[in-house]
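Visitor: I have a structure open here and would like to talk a few parts of it through with you. Could we start with a single residue and then move on?

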Amino acid sequence: MAAVLALDVGGTKIAVGLVNPDGTLTYTLALPTQADQGTEVVWSVVAELIENALERAGGRVAAVGIGSAGPIDVAAGTVSPVNIAGWRGFALRDRVAAAVPGAPVRLGGDGVCMALGEHRHGAGRGTRSMLGMVVSTGVGGGLVLDGAPLHGRTGNAGHVGHVVVDPDGQRCRCGGRGCVEAIASGPSMVRWALANGWTPEAGGADAKALAAAADAGDPVALRAFRRGTDALAVMITSVAAVCDLDLVVIGGGVARSGALLFDPLRAALAERAGLDFLAGLRVVPAELGGDAGLVGAAVLATLP
């Protein structure tokens with residue numbers, strides 16, 4: 001069977017992959033999005049990636065799956081990523097279909113694709129209902145419930161980064177107030193730490209530096225991580241109670257801090273998850289890393 005061509009569209013980079021039915025990637029390439037260069041420049045990046053992948057595949061693929069940053073509109077096949085200013089109502093599905101004639105094309109949110117990838121071929125194998133999350137420069141997510149992806153009315157279900165955990169909190173870039181992303185994303189934790197007395201060593205103030213400082217015992221850095229994990233725990237408990245989840249899989253740059261994130265998060269969940277059916281909820285690191293979105297987009301493309 002021919003491979004599936006998968007696309008993962010983000011504000012920093014766009015990736016393409018050829019994915020076999022067993023979830024293995026036989027080819028992948030990523031290029032900078034050039035998000036500030038206008039509508040057609042960004043599309044030219046996608047077109048170049050597709051051309052390279054088709055050449056590698058010998059001109060034939062079974063289907064095309066697209067995972068895109070949102071908001072998206074699955075029915076219309078359009079995307080309006082917050083961090084790609086030139087794409088507002090951009091007809092991504094139709095443009096891709098024209099570039100890969102004869103192959104069925106399916107569009108989904110990047111969070112749903114990440115969750116699908118981990119559910120079928122990663123840390124979520126064998127689970128019934130799970131939340132897949134990326135904690136990095138933002139907080140994104142997607143839901144697989146009873147084995148099927150939850151898209152919602154427009155394709156934007158699972159935007160857990162914009163669950164409100166502090167009604168009186170600071171403004172989020174989405175326009176709301178008190179979203180978990182405004183507290184628990186890497187840049188948000190760094191901003192809070194800097195405002196509360198953290199002095200980073202030479203080399204810059206980013207989430208990696210903050211994690212190193214916390215590992216070294218810096219009290220402000222540790223408080224920043226604890227504040228972030230508490231916000232994540234509030235959100236996860238709420239989503240798990242609504243959706244009756246088995247598992248939460250977390251990937252992304254902040255998740256790579258390991259025990260620094262997962263130990264206090266599990267402790268906070270144990271304290272907050274009081275309902276009996278939440279007692280068995282597990283929270284684990286992602287297995288597929290940055291490939292989860294591509295693998296999940298390929299899964300999406302082949303669903304009935």
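**One residue, one helix, one pocket**

Guide: Let us begin with Asp230, which lies in helix H7, a helix that covers residues 219-243; please keep in mind that this is a predicted model.

Visitor: Is Asp230 buried, exposed or partly exposed?

Guide: Asp230 has a relative accessible area of 23%, and because buried means under 20% and exposed over 50%, Asp230 counts as partly exposed.

Visitor: And which residues is Asp230 in contact with, neighbours within four places aside?

Guide: Once those neighbours are set aside, Asp230 is in contact with Ala268 and Arg272. Val180, 50 residues away from Asp230 in sequence, has its C-alpha 9.6 Å from that of Asp230.

Visitor: Switching to H1, which of its residues are buried?

Guide: Helix H1 runs over residues 39-56, and its buried residues are Val42, Trp43, Val45, Val46, Leu49, Ile50, Ala53 and Leu54. Viewed down the helix axis, these buried residues fall within an arc of 160°, so they line one face of H1, while Glu51 and Glu55 are exposed on the other side.

Visitor: What covers the buried residues of H1?

Guide: The cover includes strands E1 (4-9), E2 (13-19) and E3 (25-32), together with helix H2 (92-99).

Visitor: New topic: what is the volume of the second largest pocket?

Guide: That pocket has a volume of about 190 Å³, and of the 13 residues lining it, Trp198, Pro200, Glu201, Ala209 and Ala213 are the closest to its centre. By class, its lining has seven nonpolar, three polar and three charged residues.

Methods
Residues are numbered from 1 along each chain as its sequence is written. This is a predicted model: local features need pLDDT of at least 70, side-chain atom pairs count only at pLDDT 80 or more; totals for chains, interfaces and linings use all residues. Side-chain values use heavy atoms; hydrogens and water are left out. On a 1 Å grid over the protein atoms alone, a cavity is a set of points where a 1.4 Å probe fits but cannot get out, and a pocket is an open set with protein on both sides within 12 Å along at least five of seven lines; lining residues have an atom within 4 Å of a point. Grid points are joined across faces, edges and corners, and a volume is the space filled by probe spheres set on the points. Ala, Val, Leu, Ile, Met, Phe, Trp, Tyr, Cys and Pro count as nonpolar, Asp, Glu, Lys and Arg as charged, and the others, Gly among them, as polar. Helices (H or I, at least four residues) and strands (E, at least two) are DSSP runs, numbered from the N terminus. The expected span of a helix is 1.5 Å times one less than its number of residues. Buried means under 20% relative accessible area, exposed over 50%, partly exposed in between (1.4 Å probe, protein chains only). The arc is that of the directions from the helix axis to the C-beta atoms. Contact means heavy atoms within 4.5 Å.
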